[in-house]
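Visitor: Please take me through one part of this chain closely. I would like to know which helices meet there and which residues make the contact.

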Amino acid sequence: TPPLRVRIALAWLTMWGLFTAKAMIAVVYARLLGAEQTRFMLFSWTIAESQTLVLEEPILIALSALLPFIIDRLTSNEVMAEVVNEILASTVGAAVSAVKNLCGGG
């Protein structure tokens, strides 16, 4: 394997390459679409980013903070613990089966 410095340099080079490629795609679209379409595209990107930052991120952060507490409370009762274990077993089992089938191992 390459030394650590080489791997870090390659990682940064890859990230800068991807950033440059995406920036060039945005510039090409801006040049091809014209001023009005570009303004509309930027406006729609702004709305999408605002939705992510204002709605989705806080909800995901709250869920990730509260879910362990909720699961702990649910599983402290024997009956609910059995229900939660059954749900987790069936959903996780279904997800694993689906992935195995997609990968051709099913």
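Guide: What follows starts with one helix pair and then moves along the chain.

First, the ground rules. This is a predicted model, in which local features need pLDDT of at least 70 and side-chain atom pairs count only at pLDDT 80 or more, while totals for chains, interfaces and linings use all residues. Residues are numbered from 1 along each chain as its sequence is written, and side-chain values use heavy atoms, with hydrogens and water left out.

Start with H1, residues 4-33. Helices here are DSSP runs of H or I with at least four residues, strands are E runs of at least two, and both are numbered from the N terminus. H1 has 30 residues and spans 43 Å from its first C-alpha to its last. That is close to the 44 Å expected at 1.5 Å a residue. The expected span is 1.5 Å times one less than the number of residues.

H1 carries an aromatic pair, Trp16 and Phe19. A search of the whole structure finds one such pair. The ring centres of Trp16 and Phe19 are 5.8 Å apart and the planes stand at 85°, so the pair is edge-to-face. Rings of Phe, Tyr and Trp (its six-membered ring) pair if their centres lie within 6.5 Å; planes under 30 degrees apart are stacked, over 60 edge-to-face, and the rest tilted. Trp16 and Phe19 sit three residues apart in H1, about one turn of the helix. Both are exposed. Exposed means over 50% relative accessible area, buried under 20%, and partly exposed in between (1.4 Å probe, protein chains only).

Gly34 follows H1. Its phi is positive, near 95°. Then comes H2, residues 35-75.

Now the packing. The axes of H1 and H2 come within 6 Å and cross at roughly 135°. Axes are lines fitted to C-alpha atoms, for helices over the stretch in contact, and angles run from 0 to 180 degrees between N-to-C directions. The two helices are therefore oblique to each other. Angles under 35 degrees count as roughly parallel, over 145 as roughly antiparallel, 65 to 115 as roughly perpendicular, and the rest as oblique.

From H1, the contact takes in Ala26, Tyr29, Ala30 and Leu33. From H2 it takes in Ala35, Gln37, Thr38, Met41 and Trp45. Contact means heavy atoms within 4.5 Å. By class, this contact has seven nonpolar, two polar and no charged residues. Ala, Val, Leu, Ile, Met, Phe, Trp, Tyr, Cys and Pro count as nonpolar, Asp, Glu, Lys and Arg as charged, and the others, Gly among them, as polar.

Look at Thr38 in H2. Thr38 is buried, at 14% relative accessibility. Beyond residues up to four places away in sequence, Thr38 touches Tyr29, Ala30 and Leu33. Glu36 also lies in H2. Glu36 is exposed, with a relative accessible area of 56%. The C-alpha atoms of Glu36 and Asp72 are separated by 53 Å, across 36 residues of chain.

Thr75 is in H2 as well. Thr75 is partly exposed, at 31%. Its C-alpha and that of Trp16 are 46 Å apart. Setting aside residues up to four places away in sequence, Thr75 touches Ala81 and Val84.

Val84 belongs to H3, residues 78-102. Val84 is buried, with a relative accessible area of 8%. Outside its neighbours within four places, Val84 contacts Leu74 and Thr75. Val84 and Leu74 are 10 residues apart in sequence and 7.5 Å apart in space, C-alpha to C-alpha.
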